[in-house]
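User: Please take a close look at one part of this model and describe how it is paired and covered. Then work outward to the rest of the chain, in one connected account.

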Amino acid sequence: MTDPTQDPRFLQDPYPTLAALRSNCPVQPMHAESGGRPGYLVTGYAEAREALGDPRLSKDTAAFFAGKESRRRLHPAVAHSMLASDPPRHTRLRKLVTKAFTAGAVARLRPFIARVTEELLDRWPIGERFDFMTALAVPLPVIVICQLLGVPQNDRPDVRRWSGELFAAGRPDVIDAASHSMADYMTGLVAAKRLDPGDSLLDQLISVRDGTERLSEEELVSLAVLLLVAGHETTTNFLGNATLALLRRPAESDRLRRNPDDVPAVLDELLRFDSPVGTATFRFTTEAVTLGGVDIPPGSPVLVALGAANRDPVRFPSPDRLDLDRDAAGHLGFGHGVHRCVGAPLAKAEAEIALRAVLTRFPDIRLAVPPDRLEWRRTRLVRGLAALPVTV
Ligand code: HEM
């Protein structure tokens, strides 16, 4: 199989291709992935869930690339993040993060999220075409995550730029440079917070303990960068994808407009329908594994297509239909297993507040271009819109 993600039609609508691949075989070999080894693409729901829960499939990229020649110069704090590690290291870091990043921390942030959303909506030009992504979906998550971590206001434009650059698909030098800028910045911020503590999540992470365990300086910097990056781009894409799905379906939008209290209950279906981490999350096998009846040799990259799994008709009947009454719990939009998204409650709080505000405040919001003219981001990691032109 050649890489379909390079095809512009695939970027527009990957689901027919993914469905064809899935019905052909839910686990199938792909041509040379990283390091020249053949990779395997997982498109079935049961197989994807199994892969994400199997400890023989590793996230430890450093181990995967060990001994291979590489010109990559990612900062170690980015290369060895919690997301790129396996138990027991992962278990230890994750336990410390969940002690600090609690439901209470998200609840305390809700009034701030609502205020920032309203301020952004205040600036929307009535009667003119503008880009929803620039006007809400991009700025809101980055402002929220900076607030959560205690990044001072003046530093936020830099942080936002580096965070964007870390997703610069196909430009490894830009990504590597941004990883250093971001990690150096966070090292300074941690040092400043030690001298002058506050009450942000970063301050909590600095003081969090598990018996005698605590986070080292490098682990703190690494976690801060991971939270910033993981918490920003994905939520941006979710806001864009969910808004597009609703704009294309006026009956569903009207229903939510009339019953805004239904918004929290439909977020899982919106995430299932057009998953922001759509195309692939990556693992590699540490030993021989049989997945979906396919034998995968040790050391093989495995790409788990969450968006494809979420459209598997065996698990979700009529999967290509957005059905706001569907019980979509169990979707894989936030992953599954030990790495399941730590920020899911925050992402949902942001989406709930933003979608509710947009629908009720701007009942006439419309797409300003035909859906097949929309431009999607050229990256294999996430599925998101480059721009979403609308009018209100
Ligand atoms: C992990 C999706 C928002 C922080 C993940 C994973 C997925 C995901 C699929 C697992 C990746 C894997 O197993 O390879 C999403 C989506 C979001 C979102 C779709 C928005 C709708 C956030 C937010 C934060 C966050 C707001 C932080 C504030 C993280 C972290 C991990 C993670 C730290 C790594 C967890 C671990 O390794 O144990 N996310 N995420 N995410 N996410 Fe999210």
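Analyst: Strand S2 (residues 38-42) runs parallel to strand S10 (residues 301-304), and 3 bridges join them. Within this pairing, Leu-41 has Leu-303 of S10 as its bridge partner. Strands here are DSSP runs of E with at least two residues, helices are runs of H or I with at least four, and both are numbered from the N terminus. Two strands pair if DSSP finds at least two bridges between them. This is a predicted model, in which local features need pLDDT of at least 70 and side-chain atom pairs count only at pLDDT 80 or more, while totals for chains, interfaces and linings use all residues. Residue numbers start from 1 along each chain as its sequence is written.

S2 is largely enclosed by the rest of the structure, because 4 of its 5 residues are buried. A buried residue has 20 or more other C-beta atoms within 10 Å of its own, an exposed one has 12 or fewer, and a partly exposed one falls in between, with C-beta atoms placed from the backbone.

From S10 the pairing continues to strand S7 (residues 281-285). S7 and S10 run antiparallel and are joined by 4 bridges, with Pro-301 of S10 as the bridge partner of Phe-284. S7 is mostly covered, with 4 of its 5 residues buried. Strand S3 (residues 57-58) also pairs with S7, in the antiparallel sense and over 2 bridges. Here Phe-284 appears again, as the bridge partner of Ser-58.

A separate topic is the open sheet of 3 strands, ordered S4-S12-S11 with antiparallel pairing. Strand S4 (130-131) and strand S11 (366-367) are at the edges with a single partner strand each, so one side of each has no neighbour in the sheet. S4 pairs with strand S12 (residues 389-391) over 2 bridges in the antiparallel sense, and Phe-130 has Val-390 of S12 as its bridge partner.

Next come the helices and loops. Helix H17 (306-309) contains Gly-307. Gly-307 has 26 other C-beta atoms within 10 Å, which means that this glycine is buried. Its C-alpha lies 24 Å from that of Pro-139, and the two residues are 168 apart in sequence. The loop between H17 and H18 holds Ser-318. Ser-318 has a positive phi, near 45 degrees, although this residue is not glycine. With 9 C-beta neighbours inside 10 Å, Ser-318 is exposed.

Helix H2 (residues 15-24) has Leu-18, Leu-21 and Arg-22 as its buried residues. These three span an arc of only 100 degrees around the axis, so they are on the same side of H2; the arc is that of the directions from the helix axis to the C-beta atoms. Pro-16, Ala-20, Ser-23 and Asn-24 are exposed on the other side of H2.

Between helix H5 (76-79) and helix H6 (89-100), the loop includes Pro-88. The peptide bond from Pro-87 to Pro-88 is cis, with omega near 5 degrees. H6 includes His-90, which is partly exposed, with 18 other C-beta atoms within 10 Å. Apart from neighbours within four places in sequence, His-90 is in contact with Met-82, Ser-85 and Val-338. Contact requires C-beta atoms, placed from the backbone, within 7 Å of each other.

The ligand has 25 residues around it, of which Gly-231, Thr-234, Gly-335, Cys-341 and Gly-343 come nearest. A residue is near if its C-beta atom, placed from the backbone, lies within 6 Å of the molecule. Helix H13 (217-230), helix H14 (233-247) and helix H18 (344-361) each contribute at least two residues to this shell. By class, the shell has 16 nonpolar, 8 polar and 1 charged residues. Ala, Val, Leu, Ile, Met, Phe, Trp, Tyr, Cys and Pro count as nonpolar, Asp, Glu, Lys and Arg as charged, and the others, including Gly, as polar.

For the chain as a whole, the secondary structure comes to 18 helices and 12 strands. The radius of gyration is 21 Å, close to the 21 Å from the globule rule for 392 residues, so the chain is as compact as a globular protein of that length. That radius is taken over C-alpha atoms, and the rule is 2.2 Å times the number of residues to the power 0.38. Buried residues account for 40% of the 392 residues.

Technical notes:
Contact = placed C-beta atoms within 7 Å.
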